[in-house]
Amino acid sequence: MHALNRWLLLLCFLVGLSVVAVAQSTTIDFVEYELDNGLKVILHQDNTTPIVAVSIMYEVGGKDSFEDRTGFAHFFEHLLFEGSENLERGAIDDYVEGAGGALNANTSLDRTYYYEILPSNQLALGLWIESERLLHAKVQNVGVETQRDVVKEERRQRYDNQPYGTLTMELYKRAFKEHPYKDPNIGYMEDLTSAEEADFKRFYETYYVPNNAILSIAGDINVEETKELVAKYFADIPRGPEPPRVDVVEPPLGGEIRDTVYDQVPLPALVMGYRTVARSNPDYYAISMLNQVLSQGQSSRLNKALVDEKELAVQVGSFPSSSQDPGLAIAYALTPPGTEDLRPVEEAFQAEIERLQNDLITDREFQKLRNQIEVSAISGYGSVAGIAESLANNEMFLGDANLINTETDRYLAVTKEDIRRVAREYYTDDNRVLLYWLPQPSSR
C-alpha cells in the first residue's frame, strides 16, 4: 500500500473522517441507563458467541487542552496503560492477554476510547480494569517520563518522518485560527517536553470523571447480572465537576488559502480541505453522499475523470468531516511521478465540483448511492466491538444511541437537490485550503 494511502486511512481515524456508516438491517436492542454519579451505561446482549466487548468513552480529545498543553488527551491514552493503585505497571496487558483477550485505545480530536475484547466469562475483569483507570490511575513521574518518550517517538515516526504524515496538521493549522482544531491531536513537541506532573494530574482530575464517560458493553452477557457488576465496580466512584467544554466558534475562512508544502514524498499531490459542518448538523448526510459521488468506487466522478480519462492522477479520494464541531472535508489527488505542474489537476477537480454545483446528479448515480447505503445497512457493524463503539459514539455526539438503528433513514431522506445545495454552499473557493504537496527538492 502506498504511503499516502496508508496515511489517509490513518487520517480517517485520527480526525474522525468517514464515509457513510449506517445501521444494520437487524435491530440492535440495547438497554441504556445512568448511575447516580453521572456515568452513562449502554448494554447490548448478543449471545451468539462467547465474547464480550467492554468499552469506555470519555468526552475529551485533542481539542480539549489547557493553554500551551496540547496533546494531553492522546498522552493519557498511553499513560493509562501504566497501571493504577491496584494494577502494577504492565499488569493491564498481562491480565487481558492472559485471559485470552485483546485491548487497545484510541484518541480523536473529540473523544478518547478504551476497550477490551474478552471471553464472556471475563466480563468482570474488563470492568475492574476500566474502573481502576477511572478512579485509581497512577499519574506519577515514572509513567509520565516513560510515556513522554513513547509519544515523542510516535510523533517522529508517524507524523514528522512519515511521507504525507503532517497532511492533516498542515491543513488544519491553516483552516482554523481560533478553534483548537488548529492544534495537532498528538500535540506539539515543545508541549510534550515542558509538561509537568502537576499538569497531567490536573487534566486527569478534570476529564476522567464518571459524568464525562459512557460505559458501553456488547456481547455475550446477561443484562441484569451485568447491571449488578457495573454497580459493583462503578457506582461508588464519586461524581466530578462538570468538565469545561470548547465553545469557540471559528469565524468564516474569509477567502481561499493557498500554499505549497515540500515533503519527503515520492509523488506530488493536490490536497484540499473545505470547511464543513459538525457531525450533528443535518447537512452532514448530504455532504457525506456528495463525497461518495466524488470518490467511492471505480465509477466515481473523480476516479473516472482524473484517473481513467485524463490520466492526471494515479489515486484520488475525498472524505467528509465527522467531528463534534465544524471541521474539514478533505480531498486529494496523487499524481504520477515527475508531475511538475498541478494546475491541470486542480482544474479537472474544480470542473467536477462545478458539475455538482450546476447540475443534479443522474438518476443512475442517485440510485447507486441509495444502493450503497442499503448494502452498508445490511452488512452492519460486523462485531460486538463495533456495536459497542457505535452506541457510545451516537449517544455522546448525537444524543441518541438508537441512531445505530435509525440513521439509515436520514441518509435515504437526502435528495439530489440537497447534494447540489451543499456543493454550492460548502465547496467554494473562498471556503477552502488548497495545498500543492511536492517532493522536497534534492540538494546538490
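## The interface between domain 1 and domain 2

The C-alpha centres of domain 1 and domain 2 lie 29 Å apart in this predicted model, where local features need pLDDT of at least 70, side-chain atom pairs count only at pLDDT 80 or more, and totals for chains, interfaces and linings use all residues. Residues are numbered from 1 along each chain as its sequence is written, and side-chain values use heavy atoms, with hydrogens and water left out.

The domain assignment, whose bounds come from an automatic or database source, places domain 1 at 30–235 and domain 2 at 257–439. With contact taken as heavy atoms within 4.5 Å, 37 residues of domain 1 touch 38 residues of domain 2. Buried area is the accessible area (1.4 Å probe) that two parts lose on being put together, summed over both; between these domains it is about 3,100 Å², and carbon and sulfur atoms give 69% of that area. On the side of domain 1, Tyr164, Leu171 and Arg174 lose the most area to domain 2, together 23% of what that side buries.

Three salt bridges cross the interface, each defined by a side-chain nitrogen of Lys or Arg within 4 Å of a carboxyl oxygen of Asp or Glu. One salt bridge joins Lys40 and Glu395, whose closest N and O atoms are 3.3 Å apart.

Among the DSSP elements (helices, H or I, at least four residues; strands, E, at least two), those below each supply at least two residues of the side of domain 1 that touches domain 2.

| Element | Residues |
|---|---|
| Strand S2 | 40–45 |
| Strand S3 | 51–58 |
| Strand S5 | 112–119 |
| Helix H6 | 167–175 |
| Strand S6 | 213–219 |

The largest share of that side, seven residues, comes from H6.
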